[in-house]
Structures are given as structure tokens and as C-alpha cells.
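Me: I would like a close look at one part of this chain, namely its charged side chains and the way they pair. Please set that part in the context of the whole model.

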Amino acid sequence: MTIIGDSAFYNCSSLTSITIPDGVTSIGYEAFYNCSSLTSIIIPDSVTSIGGYAFEDCSSLTEIKFKDMASYCQIDGLDNVDQNKVYIGGQKLTEMTSIVIPDGVTYIGSSAFHSCSSLTSITIPDGVTSIGEYAFEYCSSLTEIKFKDMASYCQIDGLDNVDQNKVYIGGQKLTEMTSIVIPDSVTIIGDSAFSGCRSLTSITIPDSVTSIGDEAFWACRSLTDITYKGTKAQWKAIEKGYSWNYNTGNYTVHCTDGDI
């Protein structure tokens, strides 16, 4: 592993630009702190981690350049980067209106698209398994967060970081769905997955599900029927998170051997 260590260029006030070499995987804590003459920096796609305050007090810095969207999304520490200064493949991030996350991306980092006020839609591929905190915070124009299918949506860690009112799954708006069938093979229903889906009246859950996340069905006030493709004993054995069914309708769970 090749790293730029903590405070490596701390107070290097004469440094005006830098291209980080290919192969560097980590930029340390306060690595470029108070490099007041630094105007631009190029970060290679090998970097997977950026430490706290890495570019703090870089008063002249206007461009933090990343090669492509795939390498940018999967960096741990994007909350330490000012998105107003980010350029990806030559485009300014905060001026992008529509983004398609490339196939192969598995993780969207914390604050990745924070304050991208021009962004209206984003497409998430089915390989993504985690969405970091504040990933879409203050994206004031964002109206569509698009997922390919229900299976890939349900199993994401970080759905509590997504506004369900903006979610589209296979072209359908989530909060307008009245009946949902979760595909066989899905093993978890993520935190807040269906939170606030007030049109939802029925849902079918396969017996492959072992965990239902915190507030997964919070405020699904019209929910009256949960069809579970397993026994009552299996349903009771499912790990259910905090307030998973808070403020739902007066529902019945229909199992293969009777109702609960």
C-alpha cells in the first residue's frame, strides 16, 4: 500500500498544484492542511480513502479532479471533500443534472453528492450494496433516485439515507405502489426501505428474508396484508429492527400454516 501520510504537506504555502501518482491508495489526515497557494489537485483512481481535514484551509483551491465516477463514488472520506470543487472526468460535479452510476460500483460514499443543487436524477446500478450518510443531502433539485429492481433495492445498507418519495424502482414510483412482491432470494429488507409508503396496502415477503431493518415499514398507514411465504415460526424468527412496523395499518400476517 502506498499512502500520503498525515500532515505530509501541512503548511506548504508555496505549493500551487499537485498530481498524486498512480498507486497511491490513501491520503492522510490534514495531508494538505493550509496549503494556501494550492489551486488544483489530481487524485488517481487508486485512492480509496481521504482523511479528515485533508484540504482544510486551502483557500486558493478551486479544483479537486477525479478520473471517473466509479472511482469517485467508492472513496471512503468524501465527507472531507468540498463537492463544489470536485471535477469528475472534466465535468464539475455540482453542475451535473443527471448522473448514471456505472455498473461495478458497490458503494456510494458519505456525502458523495452533498449540495449538488443542479442534480435532478441519479441512477443506481444493482451492484450497489451500501449508500453512505448524507449522500444526497441538500440536493434541492433531485426528484428521481432510480433503482433497477426491487431485489437490488431491498438489500442496500443505507436506505435510511434515501428519500423514499424520490425513489423509482423499475420505472415505478415507490410511494405510489399499492402492492409489492419482494423477489425470492432477497435476504434482508433494509432500514427505512418502505418508510412513508402510505399507498402500500399489501406486501409479499419470501421465506429467504432473515432480517427486516429499523423503520422498514414506518408510517405505511394503509398496510393491511403481509403475505409471508413461510411458517408462523419462521416469521417470528426473523430479526426485526427498531420500530420496523411503527404507525402502520391494522395488518394481518398470512403464513403458510395460518394467520398472525
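With which residue does Lys67 form a salt bridge, and how far apart are the closest N and O atoms?

Reply: The model is a predicted one, and the description below rests on it. Lys67 forms a salt bridge with Asp45, and the closest N and O atoms of the two side chains are 3.3 Å apart. This pair links distant parts of the chain, with the two positions 22 residues apart in numbering. Lys67 lies in the loop between β6 (63-66) and α1 (69-73), whereas Asp45 belongs to the loop between β4 and β5. Lys67 counts as exposed because its relative accessibility is 55%, above the cut-off of 50%. Asp45 is partly exposed, with a relative accessible area of 38%. In general, side chains of opposite charge can pair when their charged atoms come close.

The loop that holds Asp45 deserves further attention. Thr48 is also placed in the loop between β4 (40-43) and β5 (49-50). The relative accessible area of Thr48 is 44%, so this residue is partly exposed. Leaving aside residues up to four places away in sequence, Thr48 touches Thr25, Gln74, Ile75 and Asp76. Thr48 and Ala151 are separated by 103 residues in sequence and by 27 Å in space, taken from C-alpha to C-alpha.

Asp76, one of the residues touched by Thr48, leads to another charged feature. Together with Asp79, Glu133, Asp157, Asp160 and Asp214, Asp76 forms a negative surface patch. Glu133, a member of this patch, is situated in the loop between β12 (130-131) and β13 (144-147). With a relative accessible area of 46%, Glu133 is partly exposed.

The Lys67 pair is not isolated, since the count for the model comes to 5 salt bridges. Among them is the one between Glu63 and Lys65, where the closest N and O atoms are 3.3 Å apart. Glu63 is partly exposed at a relative accessible area of 24%, and Lys65 is likewise partly exposed at 30% relative accessibility. A further salt bridge joins the side chains of Lys229 and Asp184 at 3.5 Å, N to O. This pair also links distant parts of the chain, its members being 45 residues apart. Lys229 sits in the loop between β20 (225-228) and α3 (232-237), and Asp184 in the loop between β16 (179-181) and β17 (188-189). Lys229 counts as partly exposed, with a relative accessibility of 38%.

A buried loop residue may be set beside these. Thr94 is found in the loop between β8 (91-92) and β9 (98-100). Thr94 counts as buried because its relative accessibility is 9%, under the cut-off of 20%. Beyond residues up to four places away in sequence, Thr94 touches Gln83, Asn84, Ser115, Cys116 and Ser118.

As for the whole chain, there are 14 positive and 31 negative side chains, and the centres of these two sets lie 8 Å apart. The chain contains 3 helices and 23 strands. Its C-alpha atoms fill a box of roughly 75 × 35 × 30 Å along the principal axes. Of the 260 residues, 45% are buried. The chain exposes about 11700 Å², of which carbon and sulfur atoms supply 44%. Among contacts between residues at least 6 apart in sequence, 41% join residues at least 24 apart.

Technical notes: Residues are numbered from 1 along each chain as its sequence is written. This is a predicted model: local features need pLDDT of at least 70, side-chain atom pairs count only at pLDDT 80 or more; totals for chains, interfaces and linings use all residues. Side-chain values use heavy atoms; hydrogens and water are left out. Patches are made of residues with over 30% relative accessible area and no salt bridge: like charges are joined within 9 Å, nonpolar side chains (Val, Leu, Ile, Met, Phe, Trp, Tyr) within 5 Å. Accessible areas come from the Shrake-Rupley method with a 1.4 Å probe; for residues, only the protein chains shown count as cover. A salt bridge is a side-chain nitrogen of Lys or Arg within 4 Å of a carboxyl oxygen of Asp or Glu. Lys and Arg count as positive and Asp and Glu as negative; His and the chain ends are not counted. The place of a charge is taken as NZ of Lys, CZ of Arg, CG of Asp or CD of Glu. Helices (H or I, at least four residues) and strands (E, at least two) are DSSP runs, numbered from the N terminus. Buried means under 20% relative accessible area, exposed over 50%, partly exposed in between (1.4 Å probe, protein chains only). Contact means heavy atoms within 4.5 Å.
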